[in-house]
Amino acid sequence: MPQLAWHQIRAAPVILVSGPEDFLAERASRQLRDALREQDPSLEVHDLRADAYAPGELITLASPSLFGEPRLIRVDAAATMNDAFLEEALEYIAAPADEVVVLIRHGGGVRGKKLLDAIRQGTGGGIEVVCAALTRDNDRADFAAAEFRHAGRPIAPGALRSLVSAFTDDLAELAGACQQLLADTDGEITEQTVEKYYGGRVEVNAFAVADAAIAGRHGEALGLLRHALATGADPVPMVAAFAMKLRTMAKVGGTRGSGGQVASQLGLAPWQVDRARRDLQGWTEEGLGRAILMAAETDAAVKGAGRDPVYAVESLVRVVADRGLEL
């Protein structure tokens with residue numbers, strides 16, 4: 001079946017909107033609604049929750065109306081769907097109603113796998129819209145650049161980098177910042193413009209440095225580290241961020257089961273387990289062990305055991321970026 005990016009969403013009898021990025025899923029849903037309403041202003045929109053579904057709701061809403069208005073039925077919380085929804089959704093996609101679009105939002109996990117597999121195998125003539133998490137700086141920069149490009153407004157490369165650095169944790173906040181800059185300024189978005197609006201947020205946090213190093217992005221990690229230290233960051237919490245992420249990786253490494261199962265066993269959040277599993281790609285047990293030892297030595301160095309805390313942290317970044325292959 002066709003798999004599309006969030007901004008490529010189009011009408012189909014059944015649309016599976018998958019992936020963990022809720023902001024992009026909501027964007028896709030609004031884009032579809034607006035496109036359908038532009039085609040026919042009489043569009044009826046109905047919202048259901050798959051985890052609180054009552055038998056018969058889907059069939060009732062999809063049944064032909066007196067005046068034949070097109071309908072968009074949006075189903076949320078499919079990742080925790082109840083049995084009634086699963087059973088009736090399977091029946092529905094086997095023979096979808098005419099003039100009806102059913103959008104099913106599934107954020108991830110194994111619940112409802114039978115329904116997901118059926119849609120992905122083409123039952124009902126559906127499509128899948130994938131809303132993957134934008135975890136890399138490059139992905140977020142592409143997203144922000146597209147916001148300005150679609151508005152027909154140029155943004156300087158340095159301004160784009162600063163804006164993305166200011167909103168590393170929340171894609172919705174980044175999108176809101178883009179829209180504010182578009183609404184409140186004219187002409188090209190410059191570094192000075194971003195500094196004026198968001199200067200207090202343009203900072204590098206310890207976890208951004210650790211994420212870049214753990215992913216093997218040596219130059220980026222050192223650049224972020226030096227910028228952070230130059231703007232007053234303390235080496236002690238910087239090393240603590242490395243130690244925390246490396247310890248989580250060590251806990252998760254070698255475990256089996258879903259993110260939720262492992263999270264409950266280890267006392268972590270499911271997203272921490274999923275992130276640690278992504279971080280572990282490219283690492284060996286020996287390399288991870290060396291990196292953890294290096295983090296412990298660096299922690300002592302920045303707390304008074306060493307003469308040059310900055311050199312100690314830079315050495316830790318190099319070792320981690322090399323996946324613990326050298327000390």
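With which residue does Arg275 form a salt bridge, and how far apart are the closest N and O atoms? In this predicted model, the partner of Arg275 is Asp279, and the closest N and O atoms of the two residues are 3.2 Å apart. Both residues belong to helix H13, which covers residues 270–279, and they lie four residues apart, about one turn of the helix. Arg275 is partly exposed because its relative accessible area is 22%, whereas Asp279, with a relative accessible area of 11%, is buried because that value is under 20%. The pair also belongs to a wider arrangement, since Asp211, Lys245, Arg275 and Asp279 are linked in a network of salt bridges.

**Overall architecture**

The protein chain has 327 residues, of which 44% count as buried, and its secondary structure consists of 15 helices and six strands. Along its principal axes the C-alpha trace spans about 80 × 55 × 30 Å. Of the contacts in the chain with a separation of 6 or more, 75% are accounted for by residues 24 or more positions apart. A single pair of positions gives a further sense of scale: Lys113 and Leu61 are 52 residues apart along the chain, and their C-alpha atoms are separated by 24 Å. Lys113 itself is placed in helix H4, residues 113–120, and it counts as partly exposed because its relative accessible area is 49%.

**Salt bridges**

Side chains of opposite charge can pair when their charged atoms come close. The count for this model comes to 18 salt bridges, and three of them are set out below.

| Salt bridge | Closest N and O atoms |
|---|---|
| Arg30 with Glu26 | 3.8 Å |
| Asp34 with Arg33 | 3.0 Å |
| Arg275 with Asp279 | 3.2 Å |

Arg30 and Glu26 both lie in helix H1, four residues apart, about one turn of the helix. Arg30 counts as partly exposed because its relative accessibility is 30%, and Glu26, at 40% relative accessibility, likewise counts as partly exposed. In the pair formed by Asp34 and Arg33, Asp34 is partly exposed at 40% relative accessibility, and Arg33 is partly exposed at 22%.

**Nonpolar cores**

The largest nonpolar core has 41 residues, and those with the most contacts inside it are Ile15, Leu32, Val129, Phe143, Phe148, Leu163 and Leu174. At least two residues of this core are supplied by each of strand E2 (14–18), H1, strand E5 (100–106), strand E6 (127–130), H5, helix H6 (157–166), helix H7 (171–184) and helix H8 (191–198). H7 gives the most to this core, with seven residues. A second, separate core has 37 residues, including Val209, Val302, Val319 and Val320.

Phe143 deserves a fuller description. When its neighbours within four places in sequence are left aside, Phe143 is in contact with Trp6, Phe23, Leu24, Arg27, Leu134, Leu171, Leu174 and Ala175. One of these partners, Leu174, is also listed among the residues with the most contacts inside the largest core.

**The second largest pocket**

Rolling a probe the size of a water molecule over the atoms shows where empty space is left. The second largest pocket has a volume of about 310 Å³. Its lining is made up of 15 residues, of which Trp6, His7, Leu24, Phe143 and Ala146 lie nearest the centre of the pocket. The elements that give two or more residues to this lining are helix H1 (22–39) and helix H5 (137–150), and H5 provides the largest share, five residues. In chemical character the lining divides into nine nonpolar, three polar and three charged residues. Phe143 thus appears both in the lining of this pocket and among the residues with the most contacts inside the largest nonpolar core.

**Backbone exceptions**

Most residues other than glycine have a negative phi, and most peptide bonds are trans. Ala77 has a positive phi of about 60° although it is not a glycine, and it is placed in the loop between strand E4 (71–76) and helix H3 (83–94). Glu99 also has a positive phi of about 60° without being a glycine, and it lies in the loop between H3 and E5. Ala77 counts as buried because its relative accessibility is 15%, whereas Glu99 is exposed, with a relative accessible area of 57%.

How values were computed. Residues numbered from 1 in each chain as written. Predicted model: local features only at pLDDT ≥ 70, side-chain atom pairs only at ≥ 80, totals over all residues. Heavy atoms only, no water. 1 Å grid on protein atoms, 1.4 Å probe; cavity = no way out; pocket = protein on both sides within 12 Å on 5 of 7 lines; lining within 4 Å. Points joined across faces, edges and corners; volume = space filled by probe spheres on them. Nonpolar A, V, L, I, M, F, W, Y, C, P; charged D, E, K, R; others polar. Salt bridge = Lys/Arg side-chain N within 4 Å of Asp/Glu carboxyl O. Buried < 20%, exposed > 50% of the residue type's maximum accessible area, 1.4 Å probe, protein only. Core = buried A, V, L, I, M, F, W, Y, C linked by side-chain atoms within 4.5 Å. Contact = heavy atoms within 4.5 Å.
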